[in-house]
Protein chains: 2
Amino acid sequence: MKRKIYLNMRSLPEARIIFSEKFSHLKTGVETIASHDSAGRVSANPVTAQLSSPSFHASAMDGLAVRAAQTYGASDDSPITLNIANKQAAFINTGHPLPDQYDAVIMIEHVLLSDDNTTGIIRAPVYPWQNVRKVGEDIVATELLFPSNHHLTPPDVAALLTAGCLEIEVRKKPRITIIPTGTELVDLRETDSIPPGKTIESNSAVLAALAREAGAEVTVTPIIADDYTTIKKHLEQSVQSQADVVVINAGSSAGSADYTAEIISELGEVMVHGVTIMPGKPTILGEIAGKPVIGSPGYPVSAIISFEQFVVPLLRHMQGLEVETPDTATALLARDLPSKGGIEEFRRMITGKIGKHLVTVPLKKGAGAITTLTRANSILRIPAASEGETRRSSVNLELLRPRKQIENTILCTGSHDLCLDIIHDFLKQSSPFPLASTHVGSLGGILAIRDNMTHIAGSHLLDPDTGEYNLSYINRYLQDKDVALITLVHRQQGFMVQADNPKNIHSIQDLIRDDIRFINRQAGSGTRVLLDHELTTSGLDPDEICGYDTDEYTHMAVAVSVLSGKVDAGLGILAAAQALQLDFIPVTEERYDLIIPTEFLELPSIQQLLAIINSDAFKQTVENKGGYSTRETGHRVL
Amino acid sequence: MKRKIYLNMRSLPEARIIFSEKFSHLKTGVETIASHDSAGRVSANPVTAQLSSPSFHASAMDGLAVRAAQTYGASDDSPITLNIANKQAAFINTGHPLPDQYDAVIMIEHVLLSDDNTTGIIRAPVYPWQNVRKVGEDIVATELLFPSNHHLTPPDVAALLTAGCLEIEVRKKPRITIIPTGTELVDLRETDSIPPGKTIESNSAVLAALAREAGAEVTVTPIIADDYTTIKKHLEQSVQSQADVVVINAGSSAGSADYTAEIISELGEVMVHGVTIMPGKPTILGEIAGKPVIGSPGYPVSAIISFEQFVVPLLRHMQGLEVETPDTATALLARDLPSKGGIEEFRRMITGKIGKHLVTVPLKKGAGAITTLTRANSILRIPAASEGETRRSSVNLELLRPRKQIENTILCTGSHDLCLDIIHDFLKQSSPFPLASTHVGSLGGILAIRDNMTHIAGSHLLDPDTGEYNLSYINRYLQDKDVALITLVHRQQGFMVQADNPKNIHSIQDLIRDDIRFINRQAGSGTRVLLDHELTTSGLDPDEICGYDTDEYTHMAVAVSVLSGKVDAGLGILAAAQALQLDFIPVTEERYDLIIPTEFLELPSIQQLLAIINSDAFKQTVENKGGYSTRETGHRVL
């Protein structure tokens with residue numbers, strides 16, 4: 001394997017300057033379109049009014065057109081009678097032209113009409129041109145309606161038409177071609193099942209959607225295999241096509257099948273190879289035949305962040321649009337967040353409002369973890385010079401969702417349960433309050449409640465001495481806090497084992513067998529406490545269990561370890577076993593509660609959440625999942 | 001003329017509750033679409049993952065697949081050699097499946113390969129599963145990907161495909177039919193010239209664009225005449241069509257040709273007729289055959305505000321989307337803003353950042369003035385209970401543009417000149433700094449500079465004693481302020497008279513003729529000062545001029561007065577005369593300067609503006625307009 005290196009690594013600001021200066025001259029051409037269809041487009045030239053508006057003196061009211069001079073002196077004491085029959089005044093509707101002989105309009109509500117509508121009595125005068133919209137009052141022919149590079153809104157369409165501009169010259173939409181490459185990739189639309197070892201190609205669809213959002217017309221080519229000659233041929237074809245911009249995804253890293261940089265270099269120029277951001281490092285910024293050619297990373301989150309940093313600004317610039325700057329906000333960081341120096345990290349975050357402050361919780365890091373980007377509502381950028389941020393420090397976030405939606409977010413942490421997803425779904429159907437949960441185990445949730453870093457914590461911590469759940473932990477850790485404890489569900493815990501139970505595991509006694517490898521949950525998790533309790537009850541010594549000291553942080557991670565054959569068994573909930581089609585050996589039932597500071601109970605969001613928990617529809621949905629009982633769901637323990 | 005009244009007037013909050021409760025059940029149907037095309041759509045049901053991701057243990061790096069146990073003990077002092085030839089280790093690329101016999105990956109950069117790639121030396125161990133993305137690490141089959149009513153983003157498309165969801169059930173787009181009515185209206189697309197007294201129909205295009213922005217499919221019918229039977233027939237047809245929502249524009253007021261409320265009432269129910277907002281009062285909220293039918297006001301600004309308050313939220317609700325709440329900000333009000341009690345006023349504002357504060361300047365009020373909405377970057381809502389706001393008070397704005405763009409806005413006030421539009425156009429072509437100007441006359445501009453309510457003021461105030469421009473006024477009003485005075489242009493001032501000069505006006509002497517009606521500019525305007533100076537020089541008495549005491553606030557308003565025949569002459573600039581094809585009798589040349597506090601000179605926005613003023617391209621564009629000289633353009637007087 002040849003070791004390749006990034007040819008020309010740059011920081012994000014350096015890379016952006018190099019790229020934008022290289023293509024600063026690049027604009028799309030001009031096309032003339034109907035003003036009716038121009039909302040969302042960008043003016044290519046200054047637009048001047050063709051007609052004035054109003055184009056005649058128009059009545060601004062429904063009423064009587066009059067000569068103002070004939071109304072002078074009218075008052076309650078000396079009303080004036082206007083003769084409509086002989087045209088001293090005339091009925092006029094809003095927007096209609098004022099006949100030449102009149103110079104003002106009296107509101108119809110201020111006129112006492114005779115039964116036959118031939119006379120009208122008024123008790124107040126009008127001044128000349130009162131209630132009249134004069135020629136050009138809004139728009140004067142020849143005046144500048146919009147400058148160049150104006151992003152047209154719906155009201156702008158009204159202004160164009162009103163000013164007699166039936167057509168408008170706008171920037172053409174930039175054309176972008178996206179080339180997915182990778183021998184390991186399959187197009188899900190062209191296959192019924194995914195061959196072993198193959199990966200679903202999804203980047204081209206998301207990059208296409210981002211490009212369309214930025215106003216571009218998109219072509220996605222079929223998937224190209226990781227073959228130097230094939231890639232080179234397709235890249236050349238794409239550059240010679242109508243495309244204004246070409247993106248090749250991926251092969252932009254430094255692996256043995258990463259040809260993109262070499263090929264661009266051969267056909268044109270590589271200005272930047274490698275940007276010191278994470279995710280997004282394997283980015284190539286190049287040029288072939290005067291056209292921008294971008295090599296984009298293979299990992300989904302990297303691909304998206306790289307595209308947003310380089311391609312979206314380019315597409316906007318080509319249409320004469322400014323680069324959009326995201327809305328920002330300051331928030332308290334819920335956890336320590338170490339970061340590698342020398343690289344700018346884009347960390348995906350979940351943010352909500354606790355009391356007066358925004359609080360932000362990091363999601364995991366992986367560039368392959370697309371769900372960190374779909375779940376995040378904000379981004380924390382940790383500069384290359386920083387080695388991270390500490391808990392409770394105030395950090396500056398870029399917001400991915402409207403601020404109001406972020407402020408409406410219910411933060412939930414602690415132990416995870418599937419029922420939280422069901423609550424989230426019910427909330428989305430009936431309210432503006434999303435539920436965003438992160439998983440740190442039951443004890444972690446209690447500590448987050450203590451530190452004002454969450455609205456809600458899910459917990460299933462058994463006190464082995466009392467057999468009671470959660471209460472003793474609340475008494476120990478939350479003495480200074482007034483909290484409610486509300487039962488969400490009872491649920492089965494049991495051993496997840498491989499399908500058809502090849503190792504014949506039937507009870508907790510089996511765990512100490514020599515041929516059984518076990519995987520535990522992390523210290524502080526309710527499941528681990530439960531295991532310890534069951535071991536004690538059965539008189540078993542943890543040291544006898546192979547794997548007691550290795551742990552995972554979620555039910556699902558334990559299930560995956562079992563599925564992969566790395567271990568033979570782990571303790572967890574039925575839903576996790578079902579998800580991966582594992583066998584499930586019930587061990588015991590436990591109670592899973594929500595801890596909520598009482599100060600939050602009256603929040604509209606929490607009220608809505610409690611209403612859902614107490615609804616029959618919710619309970620029915622939970623029961624249908626299997627492994628759950630809702631017999632005490634909604635019961636307030638504390 | 002029959003006097004009609006609003007049948008059922010409501011406040012905005014009341015009307016919104018009545019309307020949203022009436023149609024709270026109304027959702028569009030469900031359709032299944034390709035996930036590839038789902039960005040921007042809304043999930044109709046919870047979406048669960050079909051496949052796990054990764055679907056196999058995948059290498060997270062380019063490197064060597066190894067058994068972790070075989071790497072233990074490797075260090076700089078005791079490197080370990082792995083035999084690749086006999087499969088002790090194997091080359092692996094990012095994303096490729098980890099063969100069964102290995103359980104970790106070593107980064108290729110950490111391996112010293114032999115020349116023939118048969119062995120690799122490592123100097124550090126890896127732990128089991130290091131640099132491996134395990135099955136389900138990102139997505140586990142059966143887990144909730146998205147709840148119902150989730151507005152899908154481009155990254156969500158990646159998550160759907162990665163999770164094997166090729167299709168997704170989304171809410172159908174709501175279908176809306178818009179019926180423009182009005183005997184006085186013409187469709188600009190169907191006519192070459194506008195018949196006298198007719199008005200261009202523009203509302204249907206802007207309402208259609210707003211509806212499309214809200215995700216709807218739009219049908220616009222041809223224009224219907226103001227005829228009871230015709231309107232009724234068309235409304236019935238539209239309700240019976242595929243439309244989910246019908247909007248009829250206008251005829252919603254209380255004029256003699258306003259049939260909408262009566263017709264809806266006859267065919268169904270009018271819940272609200274008249275909402276106490278301005279603009280937007282003549283709004284009808286009704287229902288026919290279970291479908292929402294909205295009577296929308298005729299004035300463009302009223303139509304837009306009414307549509308945004310009622311129809312857009314309905315269209316979003318039908319798709320399962322929340323109502324969007326606008327971004328808000330606090331700003332200092334630049335002028336007193338009286339408001340009529342009893343009605344909630346939506347005042348269009350121009351806002352920019354002066355020093356540390358946002359400053360906001362009201363645009364004029366008219367519901368017919370579409371340009372107030374296209375020029376505004378923010379809205380001030382003055383509650384029904386308020387009689388207005390006072391100058392320098394802190395007010396809460398709804399932002400119509402991104403906050404950054406508002407903060408980048410250069411505020412300009414004082415006297416208006418066409419060259420400011422040219423600067424605005426040049427700025428839009430080369431910078432993110434829009435120029436927003438309002439017009440209050442030269443002296444008004446100087447006072448705004450004094451009060452920190454503008455970045456720039458345009459001024460052409462002649463000191464009759466010295467013959468110098470602006471300096472003496474700066475000395476008088478801005479003693480406490482350090483300002484720069486920069487010449488923008490010299491320009492012709494002259495008399496605007498009707499085409500072909502029917503009254504034979506040739507010099508200032510003609511103004512005192514008995515048959516000449518004149519219109520003046522307001523006190524404090526540079527043009528009025530100039531007139532007074534010319535009158536003094538010529539030994540003329542203002543009292544002898546018929547119309548000296550009537551005034552208008554802009555060159556264009558003066559030109560319109562002349563065009564309409566209301567007056568015979570007014571003093572103004574060539575550009576205004578040209579705009580309305582009036583004749584122009586030059587009287588004198590004057591200097592038009594920009595006043596800029598020196599503290600703003602280093603702002604990037606002002607730097608950019610000064611660079612434009614000093615550019616040849618700008619000067620050439622100005623000279624081409626006629627009536628201008630740029631011989632001292634850019635010269636700093638002070």
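**Figure 1. B:Gly63 faces B:Met107 across a pair of strands.** In this close-up, B:Gly63 stands opposite B:Met107, a residue of strand β7 of chain B. Keep in mind as you look around that this is a predicted model. Strand β4 of chain B covers residues 63–66, and four bridges join β4 to β7 of chain B. The two strands run antiparallel.

**Figure 2. A small group of strands in chain B makes an open sheet.** Stepping back a little, we can ask: in what order do the three strands of this open sheet lie? The order in chain B is β6-β4-β7, with antiparallel pairing. Strands β6 (90–92) and β7 (104–107) of chain B stand at the edges and have a single partner strand each, so one side of each has no neighbour in the sheet. From one strand to the next, the twist averages 40°. As a general reminder, the strands of a sheet pair through backbone hydrogen bonds, either parallel or antiparallel.

**Figure 3. Chain A and chain B meet, with 92 residues from each chain in the contact.** Here is the place where the two chains touch. Which element gives the largest share of the side of chain B that touches chain A? It is helix α2 of chain B (residues 154–162), with eight residues. Sorted by type, the residues on this side of chain B are 42 nonpolar, 31 polar and 19 charged.

**Figure 4. A rotation of 180° superposes chain B on chain A.** The shift along the rotation axis is 0.0 Å, and the RMSD of the superposition is 0.2 Å. The two copies are therefore related as by a two-fold rotation axis. Both copies use the same surface, since 99% of the contact residues of chain B recur in chain A. To find the axis, look for B:Asp327: among the residues of chain B, its C-alpha comes closest to the axis, at 5.0 Å.

**Figure 5. Chain A holds 16 helices and 37 strands.** This last view takes in one whole chain, with its helices and strands. Along the principal axes, the C-alpha atoms of chain A fill a box of roughly 115 × 70 × 50 Å. The radius of gyration of chain A is 34 Å, whereas a compact globule of 638 residues would have one near 26 Å. How much of chain A counts as buried? The share is 53% of its 638 residues. Among the contacts in chain A with a separation of 6 or more, 76% come from residues 24 or more positions apart.

Methods:
Residues numbered from 1 in each chain as written. Chains lettered and ligands numbered in written order. Predicted model: local features only at pLDDT ≥ 70, side-chain atom pairs only at ≥ 80, totals over all residues. Contact = placed C-beta atoms within 7 Å. Nonpolar A, V, L, I, M, F, W, Y, C, P; charged D, E, K, R; others polar. Pairing = 2+ DSSP bridges. Axes fitted to C-alpha atoms, helices over the stretch in contact; angles between N-to-C directions. Rg over C-alpha atoms; globule rule 2.2 N^0.38 Å. Buried ≥ 20, exposed ≤ 12 C-beta atoms within 10 Å, placed from the backbone. Least-squares fit on C-alpha atoms with pLDDT ≥ 70 in both.
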